Amino acid sequence: MRKFQGPAALAVALAVVIGACGGTPSPAASGAPSAGASGTSETINIIGMSQAGMTPDEMNAVIAEFKTANPNIDIVPQYVAYDALHDKIATGMAAAQSPFDVMLVDDIWFPAFADAGWVEDISSRIPADMKADSDQAAWDIVTYDGKQWGLPWLVDQLYFYYNESMLDAAGFSAPPTTWEEMLEMSTILKDEGIVEYPAVFAWGQIEASITEFVTLLYGNGGTFFDDSGKPAFNSPESVAVLQWMKDALKAGLVNPASTTYGEEDLRNTMSAGKAAFTMNWAYMYNLANDPKESTVAGKIKMALMPVFEKGKAAGVASSTNNGSMGFAVSGKSAHKDAAFKFIEYLTSKDVQKRYAAHVTPLWKSLQSDPALLKEQPVLLAAFAEQWPFSHVRPKVPYYLEMSQTLQVSIQEALVGSTAPQAALDSAVQKANDLGAR
């Protein structure tokens, strides 16, 4: 995923927190001190992410609000890059006493974390008004085995970005609607000397490559798993996608550094005016159009994610990857009530409305809120248009191992050491072995 130092936090204002049961105000809402059963102070240790969603500055502002309303609860945050987050949590949870009370968990990690007892089942705690004012797709993020193991927070998906001025210079009045069309445009952009490498992607040996592969795969009419729950990413549609990726690199239409890049590299490349096309998460839009962060501010636009001609012919209008995350209470926490109180506050309607610059609100009513639409007309419109075509990666306990295997296979094919079909066949065989354990 993506690391950034975003703009300063939005203005801090004390929020009203609505409790989990029947809309009863929580102690935080009334300003009454909050503490554990003994009435003593509690310290809640949080591990979050230094990239995507709220910036660390914004998170710290929310923490300051919460601590003012709950003086007996101290919050100690820690922020790491996405690619370090899983292992940091796993290392901590392996200890006899967990160093974390609240954890930011990717949707693909919930099955393994739940089976290991690392996250708490909070199904009975979820506020009724939150459930009623949100899509089921949001709850799919934190649901495993019919239970909810966290509160959805980073409701996000990959978006298609393009440099409008570059397309204008090449004579194009609209972005591509198919991946084949993107390469045709890229050929002209390259031949006319507008940009050396028109497209850039996150195809490094990291999870980002899987999110992009999923996006491309469903856009070609394929599926990651079949209807029987078996891995299907060695299908003809899958092989065609991987071959397309390889060919685009070989043609010089995709930046060769893509085989080592993650999402933040994509943002930096686009912001430097060195690419016309990419895909990335919602956070990139505001930053790529911020003069303090970008040399091409005002020129980076969003469009519906393209599909392949084969997918389009089969009726696939668009395809993207659901990359959402949720905040969970540690199953080993000694302060579960206080920990839940904080994540309830963090995901509350009031907080999500005031801190919507880099996070699409969980609450449906906020997604159509006139004030937010005025502040974020592009992002919220793009979310609404793209969300119906957002695909989740499979919720299986062995996902991480399977993903790492597939990352290697994709990398081997892209650098030419293994043919696409053989690479994907090998990955599927290993995934089947993992599922049969």
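In this predicted model, helix H2 and helix H14 cross in a right-handed sense. H2 covers residues 56-69 and H14 covers residues 336-346, and their axes come within 11 Å at a crossing angle of roughly 120°. That angle falls outside the 65 to 115 degrees counted as roughly perpendicular and is not over 145, so H2 is oblique to H14. On the H2 side, the contact is built from Met 59, Val 62, Ile 63, Glu 65 and Phe 66, while H14 brings in Lys 341, Phe 342, Tyr 345 and Leu 346. Sorted by class, this contact has seven nonpolar residues, two charged ones and no polar ones. Glu 65 comes from H2 and Lys 341 from H14, and these are the charged types here, since Glu and Lys both count as charged.

A second crossing pairs helix H10 (residues 236-250) with helix H20 (residues 420-435), whose axes come within 9 Å and cross at roughly 125°. H10 is therefore oblique to H20. Here too the handedness can be stated: H10 passes H20 in a right-handed crossing. From H10, the residues involved are Ser 238, Val 239, Leu 242, Gln 243 and Lys 246, and they meet Pro 420, Gln 421 and Leu 424 in H20. The mix at this contact is four nonpolar, three polar and one charged. Lys 246, on the H10 side, supplies the charge, because Lys is classed as charged.

Helix H9 (residues 207-218) packs against H19 at an angle of about 80°, with the two axes 9 Å apart. H9 and H19 are thus roughly perpendicular to each other. Glu 207, Ser 209, Ile 210 and Phe 213 make up the H9 side of the contact, and Tyr 399, Ser 403, Leu 406, Gln 407 and Ile 410 make up the H19 side. By class that comes to five nonpolar, three polar and one charged.

Two residues of that contact, Glu 207 of H9 and Gln 407 of H19, turn up again in the lining of the second largest pocket. This pocket has a volume of about 200 Å³. Besides Glu 207 and Gln 407, the lining takes in Tyr 82, Asp 83, His 86, Asp 87, Ile 108, Trp 109, Ile 206, Leu 400 and Gln 404. Helix H3 (82-93) and helix H19 (399-414) are the elements that give two or more residues to the lining. The largest share, four residues, comes from H3. In terms of chemistry, the lining splits into five nonpolar, three polar and three charged residues.

As for enclosed space, a search of the whole structure turns up four cavities of 30 Å³ or more. The largest cavity has a volume of about 60 Å³. Its lining includes a run of neighbours, Ala 356, Ala 357, His 358, Val 359, Thr 360 and Pro 361. Ala 282, Gln 376, Leu 379 and Leu 380 also line the largest cavity. Seven of the lining residues are nonpolar and three are polar, with no charged residue among them. The lining of the second largest pocket, by comparison, has three charged residues.

Methods: Residues are numbered from 1 along each chain as its sequence is written. This is a predicted model: local features need pLDDT of at least 70, side-chain atom pairs count only at pLDDT 80 or more; totals for chains, interfaces and linings use all residues. Side-chain values use heavy atoms; hydrogens and water are left out. On a 1 Å grid over the protein atoms alone, a cavity is a set of points where a 1.4 Å probe fits but cannot get out, and a pocket is an open set with protein on both sides within 12 Å along at least five of seven lines; lining residues have an atom within 4 Å of a point. Grid points are joined across faces, edges and corners, and a volume is the space filled by probe spheres set on the points. Axes are lines fitted to C-alpha atoms, for helices over the stretch in contact, and angles run from 0 to 180 degrees between N-to-C directions. Angles under 35 degrees count as roughly parallel, over 145 as roughly antiparallel, 65 to 115 as roughly perpendicular and the rest as oblique. A crossing is left-handed if the near helix is turned anticlockwise from the far one by less than a right angle, and right-handed if clockwise. Contact means heavy atoms within 4.5 Å.
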